[in-house]
Amino acid sequence: MNGHRRAVLGAAASGAVLAAGTAAAVTAVATAFARAVVTPARHKPDDVEVLQVGPHRVVLGVTADTVVPGRYGVWTDGGRGHFRVGDVLEATGERVTRELLGVDAGTPRPGAARWNQYFFAGTPRGALGLAHEDVVVRSEVGELPCWRVPAPAGAQDDGTWAVLVHGRGATREEALRALPPLHELGLTCLVPAYRNDADGPPSPARRYGLGDTEWHDVEAACRYASEHGARRLVLVGWSMGGAIVLQLLARSPLAQHVAAVVLDGPVLDWYDVLDHQARRHRLPVRLGRYGLGLLGHPLGRRLVGVDGPVDLRRMDWVGRAQELNLPLLLLHSDADDYVPSGPSARLAAARPDLVTFVRSGTARHTKEWNVDPAGWEGEVRRFLRAHLAAAAEPAPPAR
């Protein structure tokens, strides 16, 4: 949630709930909480200050993000400019100096800017030098723009495609970090937008379904892949993209073509995530739960403004652990400030036969790659090589 929504919820909670304490006030605050969860943030404000720029280093104002080790990007001039930073060289008081790795657009100068956890910006061709096609996939809500990155020239084409699904409020650029290792493995990659994205078609209510509706769009992308030569699929998801992927596995007939799944900082239990968010924003957890109940209620969901009832119980994959039937790689940091890693740990404990859990302790939300790119890519390559090879082996003869 952005600062404006936090202020609205905080004021509503203190003024309406604590002072008035009426049922109507409680419902109003609960509704505001639920709306904040499902409403796309169309405007993303600048959140970091560039203080000084040199030939090989940049000085930034200290924030919770700018002091964390790793590689990140910075958008400037309202998104028209972009540069990339690396290691922290010095941090003193309210200033942090980082290595300047490259300038992709514009000219870095002091002023307001926005942190880019994706590190890369732009398209696969522009950011990574990977040839890609802009393709359109038709879904029930309209046309979904997608990037299609073909397998490397000369690679043995075994018909394996990866479909990469970004998280809530993110863009397709979130997937750029994963393209090089997948490309190296010889996979064709498809990166779709989905409903209510900045560049995707809106749903009638223009609200997120938290995975309960968006999986239809990813299913449309998987169908496109199947119609264009894919014989098996790898699904990769970040944050809410994980919730979307798991709904597709549970509800789509195309799940039979999925060979393996990779999830980074995934939402495996919305109740756990949103209880955490309520506490972060100093709302009573019971009040937040009331708001979540509105999402699934036939009448309450109209107060929130979603397209249809959102069933959060259906998206509890710790509770549904025994239903998993595919190898799953989970990459999740205990320092995740948005989606706690507890459900990932519990799912891994419940299904050690299928789940490989790579736990880390420094990265903030979905920034595991940023903190350790070589480690992240190595884990993904090892997991997929092992499980794609196993999936290709012929089944033993029946006895």
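**Group meeting: a walk through the predicted model**

Let me begin with one residue, Ser344, which touches Pro266, Leu268, Leu330, His332 and Phe357, if we leave out residues up to four places away in sequence. Before going further I should say that what we are looking at is a predicted model. Ser344 is found in helix 10, which covers residues 342–350, and with a relative accessible area of 1% this serine is buried, because buried means under 20%.

From there I would like to turn to the aromatic rings. A pair of aromatic rings is described by the distance of the centres and the angle of the planes. When the whole structure is searched, 6 aromatic pairs are found. One of them is made by Phe119 and Phe120, whose ring centres are 4.8 Å apart and whose planes meet at 75°, so this pair is edge-to-face, the word used for planes over 60 degrees apart. Both Phe119 and Phe120 are buried. Another aromatic pair is formed by Trp161 and Tyr224, and here too the arrangement is edge-to-face, with 6.4 Å from centre to centre and 65° between the planes. If you follow the chain between these two rings, you will see that the pair links distant parts of it, since Trp161 belongs to strand 9 (residues 160–165) while Tyr224 belongs to helix 5 (residues 215–227), and the two are 63 residues apart. Trp161 is buried, and Tyr224 is buried as well.

Coming back to the two phenylalanines, we can add a third ring to the picture, as Phe119, Phe120 and Trp369 together form one aromatic cluster. A ring can also have a charge placed over it, and for that please find Trp147: the charged end of Arg172 sits over the ring of Trp147, at 4.6 Å from the ring's centre.

Next, let us consider the spaces in the model. The second largest pocket has a volume of about 310 Å³, and 17 residues line this pocket, with Lys44, Arg114, Gly169, Thr171 and Ala198 lying nearest its centre. What kinds of residues make up the lining of the second largest pocket? Sorted by class, there are 7 nonpolar, 5 polar and 5 charged residues.

As for cavities, the structure holds 1 cavity of 30 Å³ or more, and the largest cavity contains about 40 Å³ of space. Its lining consists of Leu249, Val261, Leu324, Asn325, Leu326 and Leu328. In the lining of this largest cavity we count 5 nonpolar residues, 1 polar residue and no charged residues.

Finally, I would like to show two places where the backbone deserves a careful look. Most residues other than glycine have a negative phi. Asn196, however, has a positive phi of about 70° although it is not a glycine. You will find Asn196 in the loop between strand 10 (188–192) and helix 5. Is this loop residue, Asn196, buried or exposed? Its relative accessibility is 1%, and therefore Asn196 counts as buried.

The second place is Thr366, which is not a glycine either and yet has a positive phi of about 55°. Thr366 is located in the loop between strand 14 (355–360) and helix 11 (368–371). Its relative accessible area is 1%, so Thr366 is buried. Thank you for listening, and I am happy to go back to any of these residues on the screen.

Key: Residues numbered from 1 in each chain as written. Predicted model: local features only at pLDDT ≥ 70, side-chain atom pairs only at ≥ 80, totals over all residues. Heavy atoms only, no water. Helix = DSSP H or I, 4+ residues; strand = E, 2+ residues; numbered from the N terminus. Buried < 20%, exposed > 50% of the residue type's maximum accessible area, 1.4 Å probe, protein only. Contact = heavy atoms within 4.5 Å. Phe/Tyr/Trp six-rings, centres within 6.5 Å; stacked < 30°, edge-to-face > 60°. Lys NZ or Arg CZ within 6 Å of the ring centre and 35° of its normal. 1 Å grid on protein atoms, 1.4 Å probe; cavity = no way out; pocket = protein on both sides within 12 Å on 5 of 7 lines; lining within 4 Å. Points joined across faces, edges and corners; volume = space filled by probe spheres on them. Nonpolar A, V, L, I, M, F, W, Y, C, P; charged D, E, K, R; others polar.
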